[in-house]
Amino acid sequence: MAFLSDTLARVKPSATIAVSSKARELKAAGRDVIGLGAGEPDFDTPDNIKAAAVEAINRGETKYTAVPGIIELREAICGKFKRENGLDYTPDQIIVATGGKQVLYNAFAATLNPGDEVLIPAPYWVSYPDMVLLNGGEPVFVETTLEDGFKLTAAALEAAITPKTKWLIFNSPSNPSGAAYTRDELTALTDVLMRHPHVWVLTDDMYEHLCYGDFTFTTPAQVEPALYERTLTMNGVSKAYAMTGWRIGYAGGPVELIKAMTKVQGQQTSGTCSIAQWAAVEALNGPQDFIAERRAVFEERRDLVVSMLNQANGIQCPMPEGAFYVYPSCAGLMGKTAPNGTKMETDEDFVTALLEAEGVAVVHGSAFGLGPNFRISYATSTEALTEACERIQRFCAACT
Ligand SMILES: Cc1ncc(COP(=O)(O)O)c(C=O)c1O
């Protein structure tokens, strides 16, 4: 439609949302569908957090707030960064936005000029490239491999940097692969960045609290303090606190960058919901024990899914360190014929045939920039996961 902008034409609709819609349609038509597409915890928001929101309403905290967020929340965020990441921020270095998503959007809107390059390791969270495009930048993809655990190597990072590189997006644990970088792996990357002072780091630490076994989470400005001056450390309450619908994300960074992002936000939303901000204060300052309890449940599910998928013909599933996703390869099925007669040439063919034959909805890897793979979200019940993996095994066994 000629009325729409040229910029919008460069943007793809979200593949993860498309899969969820297709699964919903099939369900509505009476099919027995197990949806493993959605990236949100199946747990509820803890009661103390809900109660804090109700109290905020009753106290009359129902008016516009400061654009970067209420001071109580920005102080709670400074406390979280100090306590969990050893990072010193002051409230004027913090912005609260409508989900982690809007933090990223604000950052790109505030910094990108036409031609600026943003390095995005692949596989990547679907929204990164499109947000860069919407803000006039150029996404530059840096592929990883299953053999490297889907982690960016120092050599690949070094080779991708040009004079036009503005940001590196770093996401650990990763959506979609679940890969998380050890301190040594991260240091290898920060060493490269130290040689290129024009490159800034946007670290998306959304899945920080979902690391398994004895894995220790670290973030770039923590492992290389000299990068603090050019790092935006992004995080949020959506995943760890099961608060996806409250729409609260935040970031810490240099004052001038935060001011610029606040200027963008001031003309966009005037800041996020006052009530949700008070709930987030309670999330960050209140009891944290439930996080470990839920993490243990996710870890069991991860182990179950990885083990069952590796028993399916043609599937190879590495064990990820974190998040609630696995990113198996379906290369072993390419060229084979699915039970519905489709010859599968791409991972999209695979996920479509799987949905049709067995009613299991997963997302194709090409949507995340690296295939042939697919993403399973294991943020759902153990029963549903077991049933889904049995169906995947049956599907793979029936391919010829
Ligand atoms: C890697 C990553 N970053 C950011 C977000 C956005 O989080 P929010 O729901 O707080 O906007 C998501 C949500 O799926 C994510 O997976």
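## Exercises on a two-domain predicted model

The C-alpha centres of domain 1 and domain 2 lie 26 Å apart. The model is a predicted one.

**Exercise 1.** State which residues make up each domain, and describe the contact between domain 1 and domain 2.

*Solution.* Begin with the bounds: the domain assignment places residues 6-44 and 290-395 in domain 1, and residues 62-285 in domain 2. Next, consider the contacts, in which 37 residues of domain 1 meet 35 residues of domain 2. The area buried between domain 1 and domain 2 is about 3000 Å², and carbon and sulfur atoms contribute 63% of this area. Finally, turn to the domain 1 side: Arg10, Glu321 and Leu370 lose the most area to domain 2, together 21% of what that side buries.

**Exercise 2.** Determine the strand order of the seven-stranded sheet and identify which strands stand at its edges.

*Solution.* The seven strands follow the order E2-E8-E7-E6-E5-E3-E4 in an open sheet with mixed pairing. Strand E2 (94-97) and strand E4 (138-143) each have a single partner strand, so one side of each lacks a neighbour in the sheet. On average, neighbouring strands of this sheet are turned by 20° against each other, direction ignored. For one pair in detail, take E3 (residues 117-122) and E5 (residues 165-171), which are parallel and share three bridges. Within E5, Trp167 is the bridge partner of Val118. Lastly, helix H6 (residues 127-134) lies across E3, E4, E5 and strand E6 (200-204), and runs at about 155° to E4.

**Exercise 3.** Establish whether Ser172 is buried or exposed, and describe its surroundings.

*Solution.* First locate the residue: Ser172 belongs to the loop between E5 and helix H8 (183-194). Its relative accessible area is 2%; the limit for a buried residue is under 20%. Ser172 is therefore buried. Then examine its contacts: leaving aside residues up to four places away in sequence, Ser172 touches Ala179, Ala180, Tyr181, Asp204, Asp205 and Phe217. With Tyr181 there is also a polar contact, in which the Ser172 side chain reaches the backbone nitrogen of Tyr181 at 3.0 Å.

**Exercise 4.** Describe the pairing in the three-stranded sheet and name its edge strands.

*Solution.* This open sheet has the order E9-E12-E11, and its pairing is antiparallel. Strand E9 (325-326) and strand E11 (363-364) are the edge strands; each has a single partner strand, so one side of each is without a neighbour in the sheet. E11 and strand E12 (residues 374-377) run antiparallel and are joined by two bridges. Across this pair, His364 stands opposite Phe374 in E12.

Key:
Residues are numbered from 1 along each chain as its sequence is written. This is a predicted model: local features need pLDDT of at least 70, side-chain atom pairs count only at pLDDT 80 or more; totals for chains, interfaces and linings use all residues. Side-chain values use heavy atoms; hydrogens and water are left out. Two strands pair if DSSP finds at least two bridges between them. Helices (H or I, at least four residues) and strands (E, at least two) are DSSP runs, numbered from the N terminus. Axes are lines fitted to C-alpha atoms, for helices over the stretch in contact, and angles run from 0 to 180 degrees between N-to-C directions. Contact means heavy atoms within 4.5 Å. Buried means under 20% relative accessible area, exposed over 50%, partly exposed in between (1.4 Å probe, protein chains only). A polar contact is a pair of N or O atoms within 3.5 Å; within protein, one must be able to donate a hydrogen and the other to accept it, and residues adjacent in sequence count only if both atoms are side-chain atoms. Domain bounds come from an automatic or database domain assignment. Buried area is the accessible area (1.4 Å probe) that two parts lose on being put together, summed over both.
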